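Reader: Please take a close look at one part of this model for me. I am interested in the charged pairs around one helix and what they join.

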Amino acid sequence: MDSKPETRQDEVAVAAPAAVAGKDQEQQDMDEDLQEASEVFNSLFSTRRPKDGWAGLSSGLKSATKGTVAGVASLIAQPIAGAQEGGVKGFFGGLATGVASAVALPVTGICVGAYQVGRGVANSVEAVNSTKAGMQWDQEKREWIFYYLNKDKAEVEELEAALKAEKAGTTASGDAAKMDLNEKKVKDREFYDLLGVSTNASAGDIKKAYYKEARKCHPDKCIGDPEAAAKFQALGHAYQILSNEQTRANYDKNGKPDSNSSDAAAEIDPLVFFAVMFGSHLVEPYVGELWIASTADTMMKDAMEQQQAMDMENMTEEDAAEFLTSKTSNEEMMLKQRKREVKCAFNLRDKIMPYMEAKDEADLQSFKTSIEEEATKIADTSFGATFLVTIGFALQVEGEEFLGFQNTALGVGGHAARWRKTKKNTQNNWKLMGAGINAATTGRKAMKEVEAAQRSMEEKRTRDAIGSTETEKEDQSGMDEEQAKLAAQKLEETIPALLELAWAINIRDITRTLKHACKKLFSDAEVPMVTRIQRAEAIRLIGDEFYNIGKARGGEKYTVKDAADIKARAEVAVMTTMAKAQGQEVSEDDTEEMIKQAKNMRADRAKEGGGGGGSDEK
């Protein structure tokens with residue numbers, strides 16, 4: 001008789017965990033459904049904290065619009081989906097759901113929108129006070145913060161070091177390599193990363209770093225590490241190169257000593273090439289490395305790494321393409337641009353230091369005179385006037401906008417400067433669009449003409465292949481050369497259009513970079529507001545001088561129609577990159593002189609060619 005109660009107790013004991021497990025599973029399913037619903041809601045409606053009344057209004061309108069569009073889409077989609085699953089019955093079921101969604105979603109959107117507008121209005125007072133105090137709105141944290149330029153620099157260096165470490169830029173012992181925002185540029189930095197030092201490191205720093213890393217990866221201390229010996233050997237080789245001034249200088253210029261010299265000579269460095277093409281070396285302290293050059297450089301380096309990976313690991317073309325995509329990450333490009341903006345902000349801060357330290361009118365006049373002389377020197381270079389107008393206008397309006405919001409009633413002056421900036425940016429965007437269309441059209445036309453010439457050449461070669469005499473073969477060779485010259489000529493005709501597009505991209509890039517650099521300079525909470533206002537006044541003064549001198553030199557209407565100048569610059573740009581790859585010193589003055597000589601030689605050859613026929617006739 002006692003066996004039955006025991007059996008029931010056993011059944012209860014077994015059923016209890018099953019019930020608990022069932023409840024846990026049910027709770028988990030509910031949590032997943034709530035999470036999914038939350039994600040859908042957040043994707044439709046913006047509930048993030050708005051900066052001020054205008055931001056709240058914008059967020060509210062977006063929520064109301066998205067709710068209405070989603071409701072209409074649901075009204076159309078739900079009946080169709082229902083009909084596919086359940087026929088006529090499913091259609092009417094889906095229609096009912098669609099009608100409910102068509103009512104509920106717009107109402108929800110309007111309610112969320114009204115809530116966001118209310119939050120924005122409530123935050124407006126805080127926004128005004130925070131702006132007056134010099135604080136900045138953090139888009140990620142959705143709160144007002146004080147910005148510090150030096151702190152931003154330190155963060156950039158830490159992020160870059162972490163990214164370098166992630167991409168195998170680590171020391172021999174595996175520690176993250178140190179980075180410095182003001183590092184000198186070198187051809188290759190692998191040996192510096194192995195030792196964990198900056199490219200600016202002194203001989204003493206390199207020696208200390210070597211002994212420190214050597215202790216960490218010495219084979220006697222890393223018995224369980226099969227790669228310790230190789231790491232130690234690589235570390236010793238790096239130290240041997242960097243500890244000697246001559247070999248270090250050669251490594252900085254040419255990269256690894258065992259690199260193939262013919263490959264180095266054939267390599268085109270985009271940073272050097274575009275610097276020569278646009279003559280941007282004098283304005284680099286203001287604008288940094290041009291985006292178009294930096295992007296080309298990154299893509300070329302990643303493409304080389306892709307080829308090396310294919311050679312070393314027998315990767316397929318698809319795997320190599322995926323590898324290339326992963327190397328050029330959006331995060332890396334954003335960090336590179338942020339580093340550029342911080343560096344430009346520091347350069348601007350150093351540039352205006354004489355103005356900030358001026359004690360009297362004579363010191364201010366001396367500062368202004370130095371800026372005029374610098375602008376005149378820039379204007380004398382190719383494209384210098386266009387650089388001056390672009391940089392000058394950007395600095396001018398950024399300074400006026402900050403001063404306008406700080407010094408004028410209701411920020412009238414700031415709004416006026418912002419309107420000027422918006423108008424100019426719109427014009428530049430239209431120019432960029434037009435240049436892009438023109439470049440695409442010109443390039444497509446040239447390619448069609450080249451392809452037609454190649455087809456004609458192939459057809460002619462096929463017809464003459466059988467039974468051709470030696471004389472006919474020589475004529476065919478001459479025809480091939482003529483066709484090749486025609487193809488080269490057609491491709492050269494596209495260069496002005498492509499360069500026009502590149503210039504439009506440069507203008508937009510410079511404007512954007514200086515906007516953020518100036519914002520960092522004017523928002524730096526490490527100095528009081530009166531100092532920030534002085535900074536803005538100095539930046540506006542530089543902008544005025546640059547813009548006026550550039551405008552007087554015709555920089556507002558930039559053109560790149562001079563084919564002779566373009567060809568000369570391209571030839572010198574290639575020669576300069578090859579010379580620097582071989583370790584030769586080529587200064588900016590040397591390149592400008594070489595360009596002038598190339599243009600003169602082309603002009604002389606053109607004159608000789610034009611008069612050669614007449615002299616023969618005589």
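Author: This is a predicted model. The part to examine is helix α13, residues 330-351. Start with confidence. The protein averages a pLDDT of 75, and 69% of the residues score at least 70. Among the elements, helix α20 (residues 529-552) has the highest mean pLDDT, 95, and helix α8 (residues 261-266) the lowest, 42. Residues 259-266 stay under 50 throughout, and the model has five contacts for them beyond four places in sequence. A second stretch, residues 323-327, is also below 50. That stretch has eleven contacts in the model beyond near neighbours in sequence. Where pLDDT is low, the predicted coordinates should not be read in detail.

Now the charged pairs. Side chains of opposite charge can pair when their charged atoms come close. The structure holds 15 salt bridges. Three of them are taken here in turn, each with one partner in α13.

First, R338. This arginine forms a salt bridge with D152, and the closest N and O atoms are 2.5 Å apart. R338 lies in α13, while D152 lies in helix α3 (residues 149-166), so the pair ties together parts that are 186 residues apart in sequence. The two ends differ in cover. D152 is buried, with a relative accessible area of 4%. R338 is partly exposed, at 24%. The pair also belongs to a network: D152, E155, R338 and K520 are linked by salt bridges.

Next, R340. Its partner is D509, with 2.8 Å between the closest N and O atoms. D509 sits in helix α19 (residues 495-523) and R340 in α13, so this bridge ties together parts 169 residues apart in sequence. Here both partners are covered. R340 counts as buried because its relative accessibility is 9%, under the 20% cut-off. D509 is buried too, with a relative accessible area of 7%.

Then K351. Its side chain meets that of E374 in a salt bridge, 3.3 Å from N to O. E374 belongs to helix α15 (residues 361-379) and K351 to α13; the pair links distant parts of the chain, 23 residues apart. E374 counts as buried, at 19% relative accessibility. K351 is partly exposed, at 29%.

What about cysteines? C344 is buried, with a relative accessible area of 1%. Its closest cysteine sulfur is in C518, 9.4 Å away, too far for a bond. The cut-off for a disulfide is 2.5 Å. The count comes to zero disulfides.

For contrast, consider another part of the chain. K51 is in the loop between α1 (3-44) and α2. K51 is partly exposed, with a relative accessible area of 32%. Beyond four places in sequence, K51 touches N123, A127, W137, R142 and W144. K51 and N123 are 72 residues apart in sequence, yet 6.6 Å apart in space, C-alpha to C-alpha.

One of those contacts, R142, deserves a second look. R142 lies in the loop between β1 (136-138) and β2 (143-145). R142 is buried, with a relative accessible area of 16%. Most residues other than glycine have a negative phi. R142 is not a glycine, but its phi is positive, about 60°.

To return to α13: R338 pairs with D152, R340 with D509, and K351 with E374.

Methods:
Residues numbered from 1 in each chain as written. Predicted model: local features only at pLDDT ≥ 70, side-chain atom pairs only at ≥ 80, totals over all residues. Heavy atoms only, no water. Buried < 20%, exposed > 50% of the residue type's maximum accessible area, 1.4 Å probe, protein only. Helix = DSSP H or I, 4+ residues; strand = E, 2+ residues; numbered from the N terminus. Contact = heavy atoms within 4.5 Å. pLDDT = per-residue confidence, 0-100. Salt bridge = Lys/Arg side-chain N within 4 Å of Asp/Glu carboxyl O.
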